[in-house]
Amino acid sequence: MAKYEKEVKELLKLIGGKENISAVSHCMTRMRFVLADESKADTKAIEKISCVKGTFTQAGQYQVIIGNDVADFYNEFTENAGIEGVSKEAAKQAAKGNQNFIQRLMSNLGEIFAPIIPALICGGLVLGFRNVIDGIYFFENGTKTIVDLYPFWAGLDEFLWLIGEAVFHLLPVGIVWSITKKMGTTQILGIVLGLTLVSSQLLNGFQVANTPADEIPYWDFGAFHVDMIGYQGQVIAAMMAGFVLVYLEKFFRKICPSVISMIVVPFCSLVPAVFIAHVVVGPIGWKIGNAIADVVYAGLTSDFRFVFAAVFGLLYAPVVMTGLHHMTNAIDSQLVSTVGGTILWPMIALSNIAQGSSVLAMSVLQRKNSRAQQINVPALISCYLGVTEPALFGVNLKYGFPLICGMIGSAVAAVISVGFGVQAISIGVGGLPGILSIYPQYYVIFGTAILTAVVLPFVLTYLAGKRKLSKEEIFGEESVEDVAEASPSVTENSETKEETETKELKAVLTGRVIPLEEVPDDVFSQKIMGDGVAIEPESNVVVAPADAEVMVVMADSGHACGLKFDNDMEMIIHVGIDTVAMKGDGFEVLVSQGDRVSTGTPLIRFDKEKIKAAGYPATTMVIITGEGKTKEIQYFDNMNAVAGETTIAKYI
């Protein structure tokens, strides 16, 4: 009898049968399904299957988390179901079939904005800090700012504008670069095109509205002339220009002989793209962007603004779960460019806070449930800092009522914010730090909205949780009675002392050890697979962290392996994010399943440059997937480590 025969039959039935599976693949820990109809999958029943650690839906894929034995499970599943598995990349392509036009559009928009979000966050913090020092009149009876009084702060204020200008005025450069990166064309051409949109030779886009028409410079082409205006802060125009360049390059790359493509393709792509950007799509994109901003601004300042705010605040969290929220980045940026601020962004920050407050209530309710707290606490922190996905998928959506309570709190807070016209000077800073992006004159009212977004969802979630949560959900899988029964046995056997020697796990790579929450993959960062740490590698050979047995290796892809220690504790070492798609290129497995290894034994060799060139992070996760007989584990992060020498965890 196969090891997982019962479980694979259960999963096949609960997932909707063979006819509901469009494609299936696996990585180191997860089964990845593309389902014809995801509603047919009975998620609650699937999560009760003995070997299933959880489920997760992302980018059109229904993922079932199995753990170290996923390869064996996958083989038995495909054989039992009579389905031929496909590669992870093929599954991702198939998953796009589950998305309608709007979802694909929003997904692409999200992929464009994702690489530039760190810059937006940094720029937002910089502008927020400048807000405090040059916009709040603390001194001399409220008539002067700290910048007015002290040369140092005045100089710092001017200096920091270097970053603010680079991020928000020169935003088109980042947008066009990101488009070329996503579409697989030449990124430096995208950067050059972006620079031509914000060149110092042009009239700054922010000055166009205040410049008389007869004073706007222009290029004279004889039969016609083109205004020499820049597109600083413009989003739609930059996106349209970027796609013009992409499709021109793809066209010329296709028809041009390879022997001359290096010369012909860049020239024939870039020059027409720049001309079309300034003559056609730039002016069109400018008008479209301004029209969208005007409509949204009119809605946020009209007599119906309270209704608009309530609906937006209520629905923003569910919209985040669909990926459609990325559109707001473009609208916010356009509002900042057009009217000098955005009323939309403060509501987004408040929604972050409200969902985080629901998680806070769940954390209080489940304070004795250590398993739940492993998800609650990181999700709470990330939510209050502006990243809601871990909270939404890991906690609030799972239980249902915390999501609803957070939505209600967000709606009320949004009405307060919009009702008093709260505006942000920039975007990128969400959650509690979002107050730094608010114009100083709105600090008090926005603070009131924040207080509402904290208190109301917390109270509602706490009261609902007291009624809805079961004893097992509050205290964990062991009920109070189970714990009570277990306690005497400890007393009875207290004379027989078990080994309590503290043991150590060494770093598997040389590099920077970071908290698992910072890993850009929700299954790892939410600790769905288990707790641990991650390492940003400087070396290229993964070594064993302690004496262990090699339980599993991904022989085809070479990107991961599983270890089992003497106390039955199990670990997965996973090199990179989504590197299974590289199909082993750049990876070399140095051990075999069943091998006995000791601390420092080389396990995997990898090529960081190939991983980088393929577009994947090389971040390496060290995850404890099964605690075995371990009583307590303590992890160490935020430090530099040396492979095989630095302690990253201690356990008893």
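# Close-up views of the chain

**View 1. Strand E8 (residues 511-515) and strand E9 pair in the antiparallel sense, with five bridges between them.** Keep in mind that this is a predicted model. Look for Pro-515, which sits opposite Val-533 of E9. E9 (residues 531-537) also has a link to strand E17 (residues 620-626): these strands run antiparallel and are joined by five bridges. Here, Ala-534 is the residue facing Met-621 of E17. How many of the seven residues of E9 are buried? Six are, so the strand is largely enclosed by the rest of the structure.

**View 2. Three strands make an open sheet, in the order E10-E16-E14.** The pairing in this sheet is antiparallel. Which strands stand at the edges? They are E10 (541-543) and E14 (587-589), and each has a single partner strand, so one side of each is left with no neighbour in the sheet. Going from one strand to the next, the twist averages 20 degrees. Zoom in on E14 and you'll find three bridges pairing it with E16 (residues 602-606), again in the antiparallel sense. Val-589 is the residue to pick out, as it stands opposite Ile-604 in E16. If you're following side chains along a strand, here's a handy rule: in a regular strand they alternate between the two faces of the sheet.

**View 3. Gln-232 sits in a loop, between strand E6 (225-227) and helix H11 (236-255).** Is Gln-232 buried or exposed? Its relative accessible area is 5%, and the cut-off for buried is under 20%, so Gln-232 counts as buried. A polar atom of the Gln-232 side chain lies 2.8 Å from the backbone nitrogen of Gly-205. Gly-205 is also one of the residues that Gln-232 touches, not counting those up to four places away in sequence. Others to spot in that group include His-169, Leu-197, Asn-204, Phe-206 and Ser-337.

**View 4. Leu-170 is in the loop between helix H8 (151-169) and helix H9 (171-183).** What does a relative accessibility of 31% make Leu-170? The partly exposed range runs between 20% and 50%, so Leu-170 counts as partly exposed. Setting aside neighbours within four places in sequence, Leu-170 is in contact with Glu-165 and Val-198. Now find Leu-195, which is 25 residues away along the chain: the C-alpha atoms of Leu-170 and Leu-195 are 7.9 Å apart.

**View 5. The largest nonpolar core has 90 residues.** Ile-175 and Met-347 have the most contacts inside this core. Which helix gives the largest share of the core? That's H15 (residues 344-365), which supplies eleven residues. Leaving out its neighbours within four places in sequence, Met-347 is in contact with Leu-300, Phe-308, Ala-309, Phe-312, Ala-414 and Val-418. Another core, of 37 residues, lies apart from the largest one, and among its members are Ile-535, Ala-581, Phe-587 and Ile-624. In soluble globular proteins, nonpolar side chains tend to be buried together.

**View 6. Zooming back out, the protein chain has 23 helices and 20 strands.** There are 652 residues in the chain, and 51% of them count as buried. Take the contacts between residues at least 6 apart in sequence: 73% of these join residues at least 24 apart. As for the outside, the accessible surface comes to about 30,000 Å², with 58% of that belonging to carbon and sulfur atoms.

Note on methods. Residues numbered from 1 in each chain as written. Predicted model: local features only at pLDDT ≥ 70, side-chain atom pairs only at ≥ 80, totals over all residues. Heavy atoms only, no water. Helix = DSSP H or I, 4+ residues; strand = E, 2+ residues; numbered from the N terminus. Buried < 20%, exposed > 50% of the residue type's maximum accessible area, 1.4 Å probe, protein only. Polar contact = N/O pair within 3.5 Å; in protein donor to acceptor, adjacent residues only side chain to side chain. Contact = heavy atoms within 4.5 Å. Pairing = 2+ DSSP bridges. Axes fitted to C-alpha atoms, helices over the stretch in contact; angles between N-to-C directions. Core = buried A, V, L, I, M, F, W, Y, C linked by side-chain atoms within 4.5 Å. Areas by Shrake-Rupley, 256 points an atom, 1.4 Å probe, with all protein chains shown as cover.
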